[in-house]
Amino acid sequence: MELIEITKEIHEASQRLSKSANALFELGKTKAETERDYRSMLAQEMLKLKADGMQATLIPDVAKGNVSEYLFQRDLAEARFKAGIEAADAIKVQVSALQTILKYQTHV
């Protein structure tokens, strides 16, 4: 690998890392919003079931089942957020490896 090629790849990876920070912010915001929506709907459903006279021990499980779409969306947002973090970490590893190659090449 030539020095110019390596520095170009480092620059491109740094730009991707910068973009990933913005993407992670959006994924984090979505994660928080879906958590809020799930908890709100779960609480409303639990109150509704209580008002309908359902046995108290059954309410949490039945309520979770009734708002399962919100639970799914929450879990999906969390998985996307974690995947985004892992992708950013992979870019960091790539930059580190390229920096090591660059350092080795400049000393040779």
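**Exercise 1. Find the mean pLDDT of this predicted protein model, and see which helix has the lowest mean and which the highest.**

Step 1: Begin with the whole chain. The mean pLDDT of the protein is 93, and 98% of its residues reach 70 or more.

Step 2: Now go element by element. Helix α2 (residues 59–66) has the highest mean pLDDT, 97, while helix α3 (residues 68–107) has the lowest, 93.

**Exercise 2. Locate Thr34, decide whether Thr34 is buried or exposed, and list its contacts.**

Step 1: Look along helix α1, which spans residues 3–51; Thr34 is found there.

Step 2: Compare accessibility with the cut-off. Buried means under 20% relative accessible area. Thr34 has 14% relative accessibility, so Thr34 counts as buried.

Step 3: Check the polar side-chain atoms. One in Thr34 lies 3.0 Å from the backbone oxygen of Lys31.

Step 4: Set aside residues up to four places away in sequence. Thr34 then touches Gln73, Arg74 and Ala77.

**Exercise 3. Name the residues of the largest nonpolar core, and work out which helix gives the most to this core.**

Step 1: Collect the members. The core has 6 residues: Tyr38, Leu42, Leu49, Ile59, Ala63 and Val67.

Step 2: Assign them to helices. Both α1 and α2 supply at least two residues each, and α1 gives the most, with 3 residues.

Step 3: Zoom in on one member, Leu49. Apart from neighbours within four places in sequence, Leu49 is in contact with Met54, Ile59, Val62, Ala63 and Asn66. Ile59 and Ala63 also belong to the core.

Key
Residues are numbered from 1 along each chain as its sequence is written. This is a predicted model: local features need pLDDT of at least 70, side-chain atom pairs count only at pLDDT 80 or more; totals for chains, interfaces and linings use all residues. Side-chain values use heavy atoms; hydrogens and water are left out. pLDDT is the predictor's confidence in each residue, from 0 to 100. Helices (H or I, at least four residues) and strands (E, at least two) are DSSP runs, numbered from the N terminus. Buried means under 20% relative accessible area, exposed over 50%, partly exposed in between (1.4 Å probe, protein chains only). A polar contact is a pair of N or O atoms within 3.5 Å; within protein, one must be able to donate a hydrogen and the other to accept it, and residues adjacent in sequence count only if both atoms are side-chain atoms. Contact means heavy atoms within 4.5 Å. A nonpolar core is a set of buried Ala, Val, Leu, Ile, Met, Phe, Trp, Tyr and Cys residues joined through side-chain atoms within 4.5 Å.
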